[in-house]
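The following paragraphs lead the reader through one protein, beginning with its overall architecture and ending with its interior and its surface. Please look at the sequence and the structure before reading on.

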Amino acid sequence: MGQGFASASATLRETKTGEWRHELSYFGEYGWSDRLTIGVDLNQSHHDSGHALLFARIPLSKQNSAVPLALAISAGGAHFRGDWGGMYRVTLSAGHGFQTEHGSGWASIDATYEYRHGADDPTWKLDATVGLNNPGRLSPMLQIETSKTSGQSLSYAIIPSLRHEISAHQEVVFGLEYKEADQRSLGLRVALWHRF
(Lines give C-alpha, C1' and ligand atoms only; values in the text may rest on other atoms or scores of the structure.)
Protein backbone atom coordinates (compact mmCIF):
# COMPACT_ATOMS: atom_id res chain seq x y z
CA MET A 1 0.00 0.00 0.00
CA GLY A 2 1.24 3.48 -0.82
CA GLN A 3 3.93 2.26 -3.22
CA GLY A 4 4.09 2.53 -6.98
CA PHE A 5 5.96 1.35 -10.03
CA ALA A 6 6.31 2.86 -13.51
CA SER A 7 7.98 1.64 -16.67
CA ALA A 8 8.52 3.52 -19.92
CA SER A 9 10.00 1.62 -22.86
CA ALA A 10 10.88 2.04 -26.53
CA THR A 11 11.54 -0.76 -29.02
CA LEU A 12 13.15 -0.33 -32.41
CA ARG A 13 12.43 -3.28 -34.69
CA GLU A 14 13.65 -4.34 -38.13
CA THR A 15 11.24 -6.51 -40.08
CA LYS A 16 12.20 -9.13 -42.67
CA THR A 17 11.43 -6.58 -45.40
CA GLY A 18 14.11 -4.29 -44.00
CA GLU A 19 11.59 -1.76 -42.69
CA TRP A 20 12.30 -0.17 -39.30
CA ARG A 21 9.38 0.15 -36.88
CA HIS A 22 9.12 1.60 -33.41
CA GLU A 23 6.95 0.73 -30.42
CA LEU A 24 6.39 2.88 -27.34
CA SER A 25 4.79 1.79 -24.09
CA TYR A 26 4.11 3.04 -20.58
CA PHE A 27 2.95 1.02 -17.58
CA GLY A 28 2.22 2.47 -14.16
CA GLU A 29 0.61 1.10 -11.02
CA TYR A 30 -0.04 2.28 -7.47
CA GLY A 31 -1.00 0.32 -4.39
CA TRP A 32 -4.18 2.11 -3.34
CA SER A 33 -4.69 -0.27 -0.42
CA ASP A 34 -3.67 -3.74 0.72
CA ARG A 35 -6.48 -5.17 -1.41
CA LEU A 36 -6.41 -2.89 -4.44
CA THR A 37 -3.81 -1.79 -6.99
CA ILE A 38 -4.78 0.61 -9.77
CA GLY A 39 -2.86 1.47 -12.90
CA VAL A 40 -2.59 2.45 -16.53
CA ASP A 41 -1.24 0.58 -19.58
CA LEU A 42 -0.44 2.57 -22.74
CA ASN A 43 1.01 1.26 -26.00
CA GLN A 44 1.64 2.55 -29.51
CA SER A 45 3.05 0.29 -32.23
CA HIS A 46 4.56 2.36 -35.05
CA HIS A 47 1.73 4.28 -36.75
CA ASP A 48 -0.60 1.32 -37.00
CA SER A 49 -2.07 0.29 -33.65
CA GLY A 50 -2.15 0.99 -29.95
CA HIS A 51 -4.21 0.90 -26.78
CA ALA A 52 -4.94 2.86 -23.62
CA LEU A 53 -6.22 0.90 -20.60
CA LEU A 54 -7.02 1.52 -16.96
CA PHE A 55 -6.88 -1.48 -14.67
CA ALA A 56 -7.61 -2.62 -11.14
CA ARG A 57 -5.91 -5.62 -9.54
CA ILE A 58 -6.94 -7.50 -6.41
CA PRO A 59 -5.10 -10.34 -4.62
CA LEU A 60 -6.74 -13.76 -4.61
CA SER A 61 -4.41 -15.40 -2.09
CA LYS A 62 -3.39 -14.63 1.47
CA GLN A 63 -0.69 -12.02 2.02
CA ASN A 64 2.03 -14.52 2.99
CA SER A 65 1.12 -17.14 0.40
CA ALA A 66 4.05 -19.03 -1.17
CA VAL A 67 2.63 -18.37 -4.65
CA PRO A 68 0.65 -15.10 -4.65
CA LEU A 69 -2.28 -14.96 -7.04
CA ALA A 70 -3.95 -11.81 -8.34
CA LEU A 71 -6.75 -10.90 -10.75
CA ALA A 72 -6.62 -7.76 -12.88
CA ILE A 73 -9.51 -6.28 -14.87
CA SER A 74 -8.64 -3.72 -17.55
CA ALA A 75 -10.87 -1.54 -19.71
CA GLY A 76 -10.24 1.19 -22.23
CA GLY A 77 -9.76 1.60 -25.94
CA ALA A 78 -7.64 0.30 -28.79
CA HIS A 79 -7.13 1.53 -32.33
CA PHE A 80 -5.95 0.27 -35.67
CA ARG A 81 -4.73 3.07 -37.91
CA GLY A 82 -6.71 5.62 -35.93
CA ASP A 83 -10.01 3.70 -35.81
CA TRP A 84 -10.75 3.41 -32.07
CA GLY A 85 -13.00 0.93 -30.27
CA GLY A 86 -13.46 -0.59 -26.83
CA MET A 87 -10.94 -3.03 -25.37
CA TYR A 88 -11.28 -5.28 -22.33
CA ARG A 89 -8.80 -7.57 -20.63
CA VAL A 90 -8.86 -10.01 -17.70
CA THR A 91 -5.53 -11.31 -16.35
CA LEU A 92 -4.77 -13.98 -13.77
CA SER A 93 -1.23 -13.66 -12.38
CA ALA A 94 0.95 -15.85 -10.20
CA GLY A 95 4.39 -15.05 -8.83
CA HIS A 96 7.08 -16.58 -6.66
CA GLY A 97 10.32 -15.28 -5.17
CA PHE A 98 13.38 -17.48 -4.72
CA GLN A 99 16.99 -17.47 -3.55
CA THR A 100 20.06 -18.69 -5.46
CA GLU A 101 23.79 -18.62 -4.76
CA HIS A 102 23.91 -15.57 -7.04
CA GLY A 103 21.21 -13.64 -5.15
CA SER A 104 17.46 -13.36 -4.99
CA GLY A 105 15.12 -13.72 -7.91
CA TRP A 106 11.51 -13.98 -8.96
CA ALA A 107 9.32 -15.75 -11.49
CA SER A 108 5.84 -14.84 -12.65
CA ILE A 109 3.25 -16.04 -15.13
CA ASP A 110 0.24 -14.16 -16.54
CA ALA A 111 -2.74 -15.70 -18.33
CA THR A 112 -4.90 -13.15 -20.18
CA TYR A 113 -8.24 -13.06 -21.98
CA GLU A 114 -8.44 -10.01 -24.26
CA TYR A 115 -11.22 -8.71 -26.47
CA ARG A 116 -11.17 -5.74 -28.82
CA HIS A 117 -14.33 -4.21 -30.27
CA GLY A 118 -14.86 -5.31 -33.84
CA ALA A 119 -12.71 -8.42 -33.54
CA ASP A 120 -14.32 -11.72 -34.53
CA ASP A 121 -12.68 -13.63 -31.69
CA PRO A 122 -10.93 -12.87 -28.39
CA THR A 123 -7.19 -13.29 -27.94
CA TRP A 124 -5.61 -15.53 -25.31
CA LYS A 125 -2.16 -14.70 -23.96
CA LEU A 126 0.29 -16.52 -21.72
CA ASP A 127 3.40 -14.64 -20.59
CA ALA A 128 6.23 -15.65 -18.27
CA THR A 129 9.09 -13.72 -16.66
CA VAL A 130 12.06 -14.86 -14.60
CA GLY A 131 14.75 -12.55 -13.25
CA LEU A 132 17.62 -12.27 -10.80
CA ASN A 133 18.49 -9.34 -8.52
CA ASN A 134 22.19 -8.44 -8.35
CA PRO A 135 22.47 -5.06 -6.59
CA GLY A 136 25.33 -3.03 -8.01
CA ARG A 137 25.76 -5.41 -10.94
CA LEU A 138 23.91 -6.35 -14.11
CA SER A 139 20.79 -8.40 -13.37
CA PRO A 140 19.55 -10.85 -16.05
CA MET A 141 15.88 -11.24 -16.95
CA LEU A 142 14.05 -13.39 -19.49
CA GLN A 143 10.51 -12.76 -20.76
CA ILE A 144 8.44 -15.01 -23.02
CA GLU A 145 5.20 -13.64 -24.43
CA THR A 146 2.67 -15.72 -26.37
CA SER A 147 -0.61 -14.80 -28.07
CA LYS A 148 -3.27 -16.86 -29.87
CA THR A 149 -6.47 -15.85 -31.65
CA SER A 150 -8.81 -18.42 -33.17
CA GLY A 151 -8.01 -19.06 -36.81
CA GLN A 152 -4.59 -17.42 -36.58
CA SER A 153 -1.11 -18.75 -35.93
CA LEU A 154 0.48 -18.58 -32.51
CA SER A 155 2.49 -15.40 -32.00
CA TYR A 156 5.38 -15.25 -29.57
CA ALA A 157 8.29 -13.11 -28.44
CA ILE A 158 11.47 -14.05 -26.56
CA ILE A 159 13.14 -11.16 -24.74
CA PRO A 160 16.41 -11.65 -22.84
CA SER A 161 17.36 -8.48 -20.95
CA LEU A 162 19.88 -6.96 -18.56
CA ARG A 163 18.83 -4.57 -15.78
CA HIS A 164 21.19 -1.99 -14.31
CA GLU A 165 20.46 -0.04 -11.14
CA ILE A 166 21.16 3.67 -11.63
CA SER A 167 19.76 4.87 -8.29
CA ALA A 168 17.95 3.55 -5.23
CA HIS A 169 14.64 3.77 -7.08
CA GLN A 170 15.53 3.51 -10.77
CA GLU A 171 16.77 0.87 -13.18
CA VAL A 172 17.53 0.94 -16.88
CA VAL A 173 16.76 -2.21 -18.87
CA PHE A 174 18.33 -3.25 -22.18
CA GLY A 175 16.73 -6.14 -24.06
CA LEU A 176 16.88 -7.95 -27.37
CA GLU A 177 13.50 -9.12 -28.68
CA TYR A 178 12.90 -11.88 -31.20
CA LYS A 179 9.28 -11.84 -32.35
CA GLU A 180 7.35 -14.30 -34.49
CA ALA A 181 3.98 -12.79 -35.44
CA ASP A 182 2.69 -11.95 -38.92
CA GLN A 183 6.37 -11.87 -39.79
CA ARG A 184 9.65 -12.47 -38.02
CA SER A 185 11.47 -9.50 -36.60
CA LEU A 186 14.29 -8.58 -34.25
CA GLY A 187 14.07 -5.61 -31.94
CA LEU A 188 16.15 -3.66 -29.44
CA ARG A 189 14.25 -2.59 -26.33
CA VAL A 190 15.28 0.08 -23.81
CA ALA A 191 13.21 0.74 -20.69
CA LEU A 192 13.40 2.88 -17.57
CA TRP A 193 11.90 1.47 -14.35
CA HIS A 194 11.00 3.73 -11.45
CA ARG A 195 9.75 2.75 -7.99
CA PHE A 196 8.14 5.33 -5.73
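Followed along the sequence, the chain of this predicted model reads as β-β-β-β-β-β-β-β-β-β-β-β. In total there are twelve strands and zero helices.

The overall dimensions come next. The C-alpha trace spans about 45 × 35 × 25 Å along its principal axes. For a protein of 196 residues, a compact globule would be expected to have a radius of gyration near 16 Å; the value here is 17 Å, and the protein therefore agrees with that expectation. Of the contacts between residues at least 6 apart in sequence, 38% join residues at least 24 apart.

Attention may now turn to the interior. Buried residues account for 33% of the 196 residues. In soluble globular proteins, nonpolar side chains tend to be buried together. Which residues form the largest nonpolar core here? That core consists of five residues, namely Phe 5, Met 141, Val 173, Ala 191 and Trp 193. Val 173 offers a view of the surroundings: leaving aside residues up to four places away in sequence, Val 173 touches the core members Met 141, Ala 191 and Trp 193. Val 173 also touches Ser 161, Leu 162, Arg 163, Arg 189 and Val 190.

The surface completes the picture. The protein exposes about 11,800 Å², and carbon and sulfur atoms supply 60% of that area. As for charge, the protein carries 17 positive and 20 negative charges, and the mean positions of these two groups lie 2 Å apart.

Conventions
Residues are numbered from 1 along each chain as its sequence is written. This is a predicted model: local features need pLDDT of at least 70, side-chain atom pairs count only at pLDDT 80 or more; totals for chains, interfaces and linings use all residues. Side-chain values use heavy atoms; hydrogens and water are left out. A nonpolar core is a set of buried Ala, Val, Leu, Ile, Met, Phe, Trp, Tyr and Cys residues joined through side-chain atoms within 4.5 Å. Buried means under 20% relative accessible area, exposed over 50%, partly exposed in between (1.4 Å probe, protein chains only). Contact means heavy atoms within 4.5 Å. Helices (H or I, at least four residues) and strands (E, at least two) are DSSP runs, numbered from the N terminus. The radius of gyration is taken over C-alpha atoms; the globule rule is 2.2 Å times the number of residues to the power 0.38. Accessible areas come from the Shrake-Rupley method with a 1.4 Å probe; for residues, only the protein chains shown count as cover. Lys and Arg count as positive and Asp and Glu as negative; His and the chain ends are not counted. The place of a charge is taken as NZ of Lys, CZ of Arg, CG of Asp or CD of Glu.
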